[in-house]
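Colleague: I am new to this and would like to know how the labels are earned. Could you take me through them one by one?

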Amino acid sequence: MIVWVSSFPRSGNTFLRIVLNRLYGVRTSVVYDVDGVAERLGSDLVGFTERPAAIEAMRDSTEVHFVKTHRQRDDQVDEADKAVCLVRDGRDALVSWARLASEADAARFESELRAMITRRGEVGTGSWGRNVLSWLLPSAPHRVVLRYEELAQKPRAAVERVIHTLTPQLRPDAGAQIPSFTELQQADDRFFRRGLTNTHRDELPDELHQLFWAQPDNVAAMQLLGYGTRVDGSQRA
């Protein structure tokens, strides 16, 4: 069986994988050929494992396989596949992704962010709004939504809720220690940057904030999730 660990980039996927590993001894593989995050942070911290077989074989297995993806829900995902759908305010996720992409040259931040906001594509990661909507619509009980703020504030309770719903046969380790954000920053303070909500308020330029709301998929996803308001206040999300 496959459980997709899905999210748009910089929505807390790495922390979720760490918690899954600490609480349940679950190691996650990735849909990609290379796990760049595990290479950067270390396989043991992330809880990474190589895919043991092709996706189809993992799906047919009696074992539970957790697979990280930042891709939109596509033909590789069977309609019956279970999924943890990790979501974050799109403005925060995009700001964080652009900061990471421009960590070697901070002057590129705004150009990176603009490109990420306006990116298109029916395959791959796509835009923030399109990515989120692909996983959340239509809604399904075997695709469970987990919010970034819930994960950040109460990681144990948040992950136990999701796992109990999707794979109740797994049991958490009552004595498991989940690393604090400070501990994670000691491992890599540029990857684990702020760990906060509403970071767009002091990092997202007004022009790009307006550009974010000019994307119809973003508006639809923000409305669905109940996040924020437009800069002009005219759209309650």
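Modeller: Gladly. This is a predicted model. Let us start with a pair of residues: V5 stands opposite K68 in strand β3.

Colleague: What makes β1 and β3 a pair of strands?

Modeller: Pairing needs at least two bridges. β1 and β3 (residues 65-69) are joined by 5 bridges, so they pair. They run parallel.

Colleague: How do you know that β1 also pairs with β4?

Modeller: Use that cut-off again. There are 5 bridges between β1 and β4, in the parallel sense. On this side, S7 stands opposite L86 in β4.

Colleague: Why is β1 called largely enclosed?

Modeller: Strand β1 covers residues 2-7, and 6 of the 6 are buried, so the rest of the structure largely encloses it. In a regular strand the side chains alternate between the two faces of the sheet. Here I2, W4 and S6 are buried on one side. V3, V5 and S7 are buried on the other.

Colleague: Now the helices. Why is α6 called roughly parallel to α12?

Modeller: α6 (residues 109-118) and α12 (residues 206-213) pack at an angle of about 10°. Angles under 35 degrees count as roughly parallel, so α6 is roughly parallel to α12. Their axes are 9 Å apart.

Colleague: Which residues meet between α6 and α12?

Modeller: From α6 come E110, L113, R114, I117 and T118. From α12 come E207, L208, L211 and F212. By class, this contact has 5 nonpolar, 1 polar and 3 charged residues.

Colleague: What makes R17 and D35 a salt bridge?

Modeller: The rule asks for a side-chain nitrogen of Lys or Arg within 4 Å of a carboxyl oxygen of Asp or Glu. In R17 and D35 the closest N and O atoms are 2.7 Å apart, so the pair qualifies. The pair links distant parts of the chain. R17 is in helix α1 (residues 13-24), while D35 is in the loop between β2 and α2, 18 residues apart. Both R17 and D35 are buried.

Colleague: How do you know that D44 and R27 form a salt bridge?

Modeller: Their N to O distance is 3.4 Å. The limit is 4 Å, so D44 and R27 count. D44 lies in helix α3 and R27 in the loop between α1 and β2, so the pair ties together parts 17 residues apart in sequence.

Colleague: Why is D44 called exposed, but R27 partly exposed?

Modeller: Exposed means over 50% relative accessible area. D44 has 61%, so it is exposed. R27 has 33%, which lies between the 20% and 50% limits, so R27 is partly exposed.

Colleague: What is the N to O distance between D202 and R194?

Modeller: It is 3.0 Å, and the two side chains meet in a salt bridge. D202 is exposed at 55%. R194 is partly exposed at 28%. Salt bridges that share partners join R99, R193, R194, D202 and E203 into one network. The count for the model comes to 16 salt bridges.

Colleague: Why is T125 called buried?

Modeller: Buried means under 20%. T125 has a relative accessible area of 15%, so it is buried. T125 sits in the loop between α6 and α7. Leaving aside neighbours within four places in sequence, its contacts include F8, H70, W97 and N131.

Colleague: What is special about phi in R10 and N198?

Modeller: Phi is positive in R10, near 65°, and R10 is a residue other than glycine. N198 also has a positive phi, near 60°, and is again a residue other than glycine. R10 lies in the loop between β1 and α1. N198 is in the loop between α10 and α11.

Colleague: Are R10 and N198 buried or partly exposed?

Modeller: R10 has 15% relative accessibility, which is under 20%, so R10 is buried. N198 has 30%, between the limits, so N198 is partly exposed.

Colleague: Which residues does the cis peptide bond join?

Modeller: L137 and P138, with omega about -10°. P138 is in the loop between α7 and β5.

Note on methods:
Residues numbered from 1 in each chain as written. Predicted model: local features only at pLDDT ≥ 70, side-chain atom pairs only at ≥ 80, totals over all residues. Heavy atoms only, no water. Axes fitted to C-alpha atoms, helices over the stretch in contact; angles between N-to-C directions. Helix = DSSP H or I, 4+ residues; strand = E, 2+ residues; numbered from the N terminus. Parallel < 35°, antiparallel > 145°, perpendicular 65-115°, else oblique. Contact = heavy atoms within 4.5 Å. Nonpolar A, V, L, I, M, F, W, Y, C, P; charged D, E, K, R; others polar. Buried < 20%, exposed > 50% of the residue type's maximum accessible area, 1.4 Å probe, protein only.
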